[in-house]
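Me: I'm in my first year and still learning to read protein structures. Could you take one part of this one and walk me through it closely?

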Amino acid sequence: QLQLVESGGGLVQAGGSLRLSCAASGRTFNNYATGWFRQAPGKEREFVAAISRSGGATAYADSVKGRFTASRDNTERTVSLQMSSLKPEDTAVYYCAAREGSLFTRGNVYTRTDSYDYWGQGTQVTVSS
């Protein structure tokens, strides 16, 4: 089992920044590619970003491209999501997810929630206008 715990959410004004972190425990972390998803009230969970096992490959949803940056530190067993130029529409619960093996071998499989085996409990991000 791999356990994931997100932190760093909060309330921020539009245009501001937040950095989310996801701490992993339980298994060899660098065997797992990871993704970030978000879910706003009344909406489906949607893909935000993905990062490969080494951190050398990343992918982003069009809505966050250029504003969000995913990174990871395999020594510290953490994945981060730096969010800048935040907008009210970024308000959601943000989830970290992981999948053993690669996410970047077949098309856009990293955008699908069913591609991931492990999920964190989520952290709330609220952006005020």
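Reply:

**The disulfide and its surroundings**

Let's start with the S-S bond of C22 and C96: the torsion about it is about -80 degrees, so this disulfide is left-handed. Keep in mind as we go that this is a predicted model. If the word is new to you, a disulfide is a covalent bond between the sulfur atoms of two cysteines. Here the sulfur atoms of C22 and C96 are 2.2 Å apart, and the count for the structure comes to 1 disulfide.

Now look at where the two ends sit. C22 is in strand β3 (residues 18-25) and C96 is in strand β9 (residues 92-100), so the link spans distant parts of the chain, 74 residues apart. Are these two cysteines buried or exposed? Both C22 and C96 are buried.

Next, follow β3 itself. It has two faces: L18, L20, C22 and A24 make up the covered one, while R19, S21, A23 and S25 are on the uncovered one. So which strands does β3 pair with? One is β1 (residues 3-7), which runs antiparallel to β3 and is joined to it by 5 bridges; S7, for instance, has S21 in β3 as its bridge partner. Another is β8 (residues 78-83), also antiparallel, with 6 bridges to β3. There, L18 is partnered with M83 in β8.

Over at the other end of the disulfide, β9 brings us to some rings. The structure holds 8 aromatic pairs. One of them is F47 with Y110, a tilted pair with 5.5 Å from centre to centre and 45 degrees between the planes. F47 lies in strand β5 (residues 46-51) and Y110 in the loop between β9 and β10 (118-119), so this pair ties together parts that are 63 residues apart in sequence. Both F47 and Y110 are buried.

Y95 and W119 make an edge-to-face pair, 6.5 Å centre to centre with 75 degrees between the planes. This one links strand β9, where Y95 sits, to strand β10, where W119 sits, 24 residues apart. Y95 has a relative accessible area of 12%, so it is buried, whereas W119, at 27%, is partly exposed.

Zoom out a little and you'll find F37, F47, Y95, F104, Y110, Y116 and W119 in one aromatic cluster. There's a charge in the picture too: the charged end of R45 sits over the ring of Y95, 3.7 Å from its centre.

Technical notes: Residues numbered from 1 in each chain as written. Predicted model: local features only at pLDDT ≥ 70, side-chain atom pairs only at ≥ 80, totals over all residues. Heavy atoms only, no water. Disulfide = S-S within 2.5 Å. Helix = DSSP H or I, 4+ residues; strand = E, 2+ residues; numbered from the N terminus. Buried < 20%, exposed > 50% of the residue type's maximum accessible area, 1.4 Å probe, protein only. Pairing = 2+ DSSP bridges. Phe/Tyr/Trp six-rings, centres within 6.5 Å; stacked < 30°, edge-to-face > 60°. Lys NZ or Arg CZ within 6 Å of the ring centre and 35° of its normal.
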